Amino acid sequence: MLSGKNILLGISGGIAAYKTTFLVRLLIKAGAQVKIVMTQSASSFVSPLTLSTLSKNPVLMDFVNEEDGSLSWNNHVQLGLWADIMLIAPATANTLSKMANGTCDNLLLATYLSAKCPVYFAPAMDLDMYKHPSTKNSLDKLESFGNTMIPAESGELASGLHGEGRMAEPGNIVAFIQEDLGKGLPLSGKKVLITAGPTHEAIDPVRFLGNRSTGTMGFELAKKAGDLGAKVVLVSGPTHLNINHNSIQLIRVTSAQEMYEVCHNHYADMDIAICAAAVADYRPKSIATEKVKKKAGEMFIELERTPDILMSLGENKKNQFLVGFALETQNELENAKGKLKRKHLDGIVLNSLKDDGAGFGGSTNKITFIDKNSEIKTFDLKTKPEVASDIWEEIISRIHA
Ligand code: C5P
């Protein structure tokens with residue numbers, strides 16, 4: 001949810017400012033770019049140098065910067081426009097009151113007034129200040145402007161008193177924003193299982209049977225699902241791909257058997273499952289414990305069937321929307337429809353190897369989506385991220401129908 005987002009963090013002068021070092025780390029870990037504006041008094045609680053090192057951006061405090069004897073202007077309008085999200089944390093009673101009343105006597109406030117993006121604020125103060133009608137008035141006013149409060153938590157306060165007023169913990173602030181941004185997204189609240197990549201079936205300790213799948217299609221489907229608000233379990237066979245997305249749990253496996261087991265461990269909890277992996281259909285019947293030596297003459301490896309993961313998910317289906325892939329070379333539509341029925345699927349994505357640019361390895365794909373009512377939609381050749389969007393559109397229109 002925060003991946004690639006520009007977050008403008010406004011820090012005002014409360015003791016909780018020291019926690020913003022952790023907050024910045026978490027935002028960056030979630031894939032966001034962070035710029036920081038802080039008030040002069042905030043700099044007494046946390047060092048601008050620490051924050052600029054963590055955020056990899058200069059920390060701004062004044063309208064004017066003096067560097068090497070020359071003056072430059074910190075443009076609050078540009079900063080406000082740069083931000084996809086503005087977060088004021090900690091928001092002190094003083095800063096909240098100024099924000100509520102349009103006071104503009106520091107860079108943080110001028111930037112707040114310039115920002116057109118969603119604004120979140122995390123109040124932090126002593127319990128009696130938090131309860132004071134004038135603070136309540138500021139909070140109500142800010143919410144009436146469409147700004148979102150991340151409520152203070154209860155606990156021991158810097159004063160030694162116990163009560164409500166402690167700034168929400170950094171992890172809770174990040175989770176709050178992620179959940180809030182996710183609301184209204186089409187896959188919000190949905191759990192999705194995706195298989196991706198090839199499987200490797202061991203012959204001996206150094207050799208395996210594999211295939212040319214790179215996992216790109218499955219990874220793109222997972223990324224899109226995460227962006228659309230889902231929580232994703234991505235089960236991938238060996239691939240060089242990686243993914244850094246807060247909503248995606250990547251579980252790496254090697255063989256079809258391992259992929260089968262991980263999928264079944266998660267399946268009961270899922271709303272949607274897409275099998276995009278190129279799972280080996282056969283594996284060596286026995287795995288040599290030592291490296292197989294070469295000998296004169298031919299050599300044979302006896303193979304046995306691997307479990308059909310998609311078929312087994314179909315057989316165990318409760319309410320999940322289940323989608324498979326079919327890579328066909330002849331009688332494409334008929335074969336894909338047969339597979340859809342046999343494996344109890346709700347939809348199948350057909351790639352024909354007759355289409356240039358479709359299938360394994362490449363960066364493009366050309367698909368036909370078929371649902372269980374034999375409704376068929378054929379798409380043009382597109383990039384794999386675009387194909388992932390098309391597939392999700394087809395699924396979403398059916399789960400919300
Ligand atoms: O029957 P076929 O292997 O062509 O079906 C392809 C679909 O089945 C794909 O969605 C693939 O991920 C899935 N599959 C599987 N387990 C297997 C073989 C294929 O989940 N052992």
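**Reasoning from values to terms in a predicted model**

Student: What makes Glu328 count as buried?

Tutor: Glu328 has a relative accessible area of 8%. The model is a predicted one. Buried means under 20%, so Glu328, at 8%, is called buried. Its place is in strand β19.

Student: How do you know that the side chain of Glu328 makes a polar contact, and with which side chain?

Tutor: The partner is the side chain of Lys339, at 2.7 Å. A polar contact requires a pair of N or O atoms within 3.5 Å, and therefore the value of 2.7 Å meets the distance criterion. Glu328 also touches Asn335, Leu350, Asn351, Ser352 and Leu353, among others.

Student: Why are Tyr120 and Phe176 called an aromatic pair, and what makes the pair edge-to-face?

Tutor: A pair of aromatic rings is described by the distance of the centres and the angle of the planes. For Tyr120 and Phe176 the values are 6.4 Å centre to centre and 85° between the planes. Centres must lie within 6.5 Å, and planes over 60 degrees apart count as edge-to-face; both conditions are therefore met. The structure holds 1 aromatic pair. This pair links distant parts of the chain, with Tyr120 in strand β7 and Phe176 in helix α8, 56 residues apart.

Student: Are Tyr120 and Phe176 buried, partly exposed or exposed?

Tutor: Tyr120 has 2% relative accessibility, which is under 20%, so Tyr120 counts as buried. Phe176 has a relative accessible area of 26%. Because partly exposed covers the range between 20% and 50%, Phe176 is partly exposed.

Student: How do you know that the charged end of Arg305 sits over the ring of Tyr282?

Tutor: The distance from the ring centre is 5.6 Å. The limit for CZ of Arg is 6 Å, together with a position within 35 degrees of the ring normal. The distance of 5.6 Å thus satisfies the first part of the criterion. Lys35 likewise lies over the face of Trp82, at 4.6 Å from the ring centre.

Student: Why is helix α5 described as mostly covered?

Tutor: In α5 (residues 107-114), 7 of its 8 residues are buried. Among them are Leu107, Leu108, Leu109 and Tyr112. At the start of α5, a side-chain oxygen of Asn106 reaches to within 3.1 Å of the backbone nitrogen of Leu108.

Student: What makes β15 and β23 edge strands?

Tutor: The open sheet has 8 strands in the order β15-β14-β11-β16-β19-β20-β22-β23, with mixed pairing. Strands β15 and β23 each pair on one side only. Strand β14 is joined to β15 by 5 bridges; since at least two bridges are needed, β14 and β15 count as paired.

Terms used: Residues are numbered from 1 along each chain as its sequence is written. This is a predicted model: local features need pLDDT of at least 70, side-chain atom pairs count only at pLDDT 80 or more; totals for chains, interfaces and linings use all residues. Side-chain values use heavy atoms; hydrogens and water are left out. Helices (H or I, at least four residues) and strands (E, at least two) are DSSP runs, numbered from the N terminus. Buried means under 20% relative accessible area, exposed over 50%, partly exposed in between (1.4 Å probe, protein chains only). A polar contact is a pair of N or O atoms within 3.5 Å; within protein, one must be able to donate a hydrogen and the other to accept it, and residues adjacent in sequence count only if both atoms are side-chain atoms. Contact means heavy atoms within 4.5 Å. Rings of Phe, Tyr and Trp (its six-membered ring) pair if their centres lie within 6.5 Å; planes under 30 degrees apart count as stacked, over 60 as edge-to-face and the rest as tilted. Lists of a residue's contacts leave out its neighbours within four places in sequence.
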